[in-house]
Amino acid sequence: MKKTLLSVLPFVMLPMTPTLSFASDVGVVQSEDVKQQSATVNPESVSQNNLDSQTVIEQGADKSIRLYPKSPTSDFPNPVSLDYLLNELPVQSPAVFLQNAKLAQKQATGLGIESIQSWKLDLEGRLSRREYSEEAQDFHRGALHIGKQLYDFGVSDGLTEAQQQEIQSEASFQNFVLQTHKLNVMQAFFNVILADFQYRIDNEQMAIEYIAYDKSKDRHDVGQISDVAMIEAESNYQQALLKRSQAEQRQLSSRVSLANSIGFAKVRPDEMKMPSLKAFSKRDSKALNLDDLYQQLEENNPQLKRLKGLWQAQQQRVEALRHLNYPTIRADAWAGKLSSHPELREGNWRADLSIHVPLYDGQQNKSELMSAQAKAIKLSAEYEQQAQLLRQQIADIYFQLKLLKAEQEANLVFGDYADLYLDFSRAVYENERATDLGTSMVRLSEANYRVVEWRFKQALLWSKLDVLLGKTVNLSKDE
């Protein structure tokens, strides 16, 4: 009997619900009600090409800066697959764009810091008149200047290394943000399919209650049942109708949530391809060890690696700022017309080697140092706080994975029971005896729902664990 239940998945037959169907040739989940509601919406077109998460910054005709992903070029597919949403649809996630912007800011700041010790080349020009020794005279100037800070006791080098460390930390964190976005899309996609399953169950239950209520009215008309019994039947029908209506709304709301998660708010796909999640069934939760997971978390988690990198960068910055009160040495040279009267004053070239020694700055350098030290302490505390939260998340996923096998066995037994009870009810019905055939069909639908829900839960738990351990969301194979 177990094979009987599993054989109907992922292409579950839905015998009583005209508003929800599975196409057995392509594994499509379809909701006709949602299809009708979304038919008036013009879906935003999307590109079939797999694009990276980098945003495009373009100078518009109005000279304002606009930030958006690459323009879509084709219609949104219907039915839509999870693989398409994860790997082919252009990423339009604000979280991804925000991380890209953070990285760009760090890179821009790094260029500014590196420029402190770079060569500077500029042209100085001046047309001027002035009074000198009680007479008016030209005071023109035209010269080429080149200069460079030669030495500042490691301040600039330290700040540059710190900034480069921050850039690397933010760059390595980009993939984690993208994988988190994919997890959200997975959850939203699964919610749509489960909402369709739940609607099928509630619709069947509503039909059963309606039939019972209709029979009660007939029996009440001939005086076979009391007013109380008829009202009870009507109440049961109204409750079932309300539940069906709520399930119908969840069908649409789950699609709205999916559209919002992928960043195309007007796209509300009505047909969903059942995803192939066989790769996750090959994984063995018995091989997991909580202490090993904690160690992998500390070594590979992108959030912890980012915070650790930022803390190390801040430590470098603190060491560099300790030398702010040290002297700086620079070289400068000019060549050209330095004076309108070179025979009396400046000639045609000049070279300087200068030293700048800070004597008193009103505690400004000390303030910058203390601020940097406080930020380092803050990053250290954030690291420990994040580590605690992530260990708890790992533990929760670990124990849920350990329970998956028991949940699967319970679902299979319930499925066997629902399958056998349906055969029993059908046999009783064929013998023209009173039966609860409709209820047994609802029970079978619930069994199918539990199996699909379990598969989705399994895929999400393993995917979340992968992302927390620094891996990517992968539906096709076990890494």
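**Exercise 1. Take stock of the fold**

How many helices and how many strands does the protein have? Then describe its burial, contacts and surface.

*Solution.*
Step 1. This is a predicted model. The protein has 11 helices and 11 strands.
Step 2. Turn to burial. The chain holds 479 residues, and 42% of them count as buried.
Step 3. Look at the contacts with a separation of 6 or more. Residues 24 or more positions apart account for 78% of these.
Step 4. Finish with the surface. About 26,600 Å² is exposed, and carbon and sulfur atoms supply 52% of that area.

**Exercise 2. Check the span of α5**

Find out how the end-to-end distance of α5 compares with the span expected from its residues.

*Solution.*
Step 1. α5 covers residues 155-221. It has 67 residues.
Step 2. The rise is 1.5 Å a residue, and the expected span is that rise times one less than the number of residues. For α5 this gives 99 Å.
Step 3. The end C-alpha atoms of α5 are 96 Å apart, which agrees with the expected span.
Step 4. Now look along the helix. α5 bends by about 25 degrees at glutamine 174.
Step 5. Look past its end. Glycine 223 follows α5 and has a positive phi, near 80 degrees.

**Exercise 3. Trace the strand pairings**

Which strand is joined to β5 by seven bridges? Follow the pairings from there to β11.

*Solution.*
Step 1. Start at β5 (120-126). Seven bridges join it to β8, and the two strands run antiparallel. One residue pair to locate is aspartate 122 with its bridge partner in β8, histidine 145.
Step 2. Move on from β8 (141-151). It pairs with β10 (residues 328-337) over nine bridges, in the antiparallel sense. Glycine 142 stands opposite lysine 337 of β10. Alanine 143 stands opposite glycine 336 of β10.
Step 3. Continue from β10. Eight bridges join it to β11, again with the strands antiparallel. Here alanine 331 stands opposite leucine 353.
Step 4. Put the order together. β5 pairs with β8, β8 with β10, and β10 with β11.

**Exercise 4. Find the backbone exceptions**

Locate the cis peptide bond between asparagine 78 and proline 79. Then examine the positive phi values of phenylalanine 153 and glutamine 363.

*Solution.*
Step 1. The bond joining asparagine 78 to proline 79 is cis, with omega about 10 degrees. Proline 79 sits in the loop between β4 (65-68) and α3 (82-87).
Step 2. Phenylalanine 153 is not a glycine, yet its phi is about 60 degrees. Its loop runs between β8 and α5. Its relative accessibility is 31%, so it counts as partly exposed.
Step 3. Glutamine 363 is not a glycine either, and its phi is about 70 degrees. It lies in the loop between β11 (349-356) and α10 (364-430). This residue is partly exposed because its relative accessibility is 45%.

**Exercise 5. Place glutamine 117**

Is glutamine 117 buried or exposed? Identify its surroundings too.

*Solution.*
Step 1. Glutamine 117 belongs to the loop between α4 (94-114) and β5.
Step 2. Its relative accessible area is 17%. The cut-off for buried is under 20%. Glutamine 117 is therefore buried.
Step 3. List contacts beyond four places in sequence. Glutamine 117 touches Lys148, Gln149, Leu150, Asp152, Ser156 and Asp157.
Step 4. Pick out the polar contact. The side chains of glutamine 117 and aspartate 157 make one at 2.8 Å.

**Exercise 6. Read two buried helix residues**

What do phenylalanine 173 and aspartate 466 touch, leaving aside residues within four places in sequence?

*Solution.*
Step 1. Phenylalanine 173 lies in α5. At 12% relative accessible area, it is buried.
Step 2. Its contacts are Gln99, Pro302, Gln303 and Arg306.
Step 3. Check a distance across the sequence. Phenylalanine 173 and glycine 470 are 297 residues apart along the chain, with their C-alpha atoms separated by 9.7 Å.
Step 4. Aspartate 466 is in helix α11 (residues 437-468). Its relative accessible area is 6%, so it is buried.
Step 5. Aspartate 466 touches Arg283, Lys471 and Thr472.
Step 6. Repeat the distance check. Aspartate 466 and asparagine 301 are 165 residues apart along the chain, and their C-alpha atoms are separated by 9.6 Å.

Technical notes: Residues are numbered from 1 along each chain as its sequence is written. Side-chain values use heavy atoms; hydrogens and water are left out. Helices (H or I, at least four residues) and strands (E, at least two) are DSSP runs, numbered from the N terminus. Buried means under 20% relative accessible area, exposed over 50%, partly exposed in between (1.4 Å probe, protein chains only). The bend at a residue is the angle between axes fitted to the seven residues ending there and the seven starting there. Contact means heavy atoms within 4.5 Å. Accessible areas come from the Shrake-Rupley method with a 1.4 Å probe; for residues, only the protein chains shown count as cover. A polar contact is a pair of N or O atoms within 3.5 Å; within protein, one must be able to donate a hydrogen and the other to accept it, and residues adjacent in sequence count only if both atoms are side-chain atoms. Two strands pair if DSSP finds at least two bridges between them.
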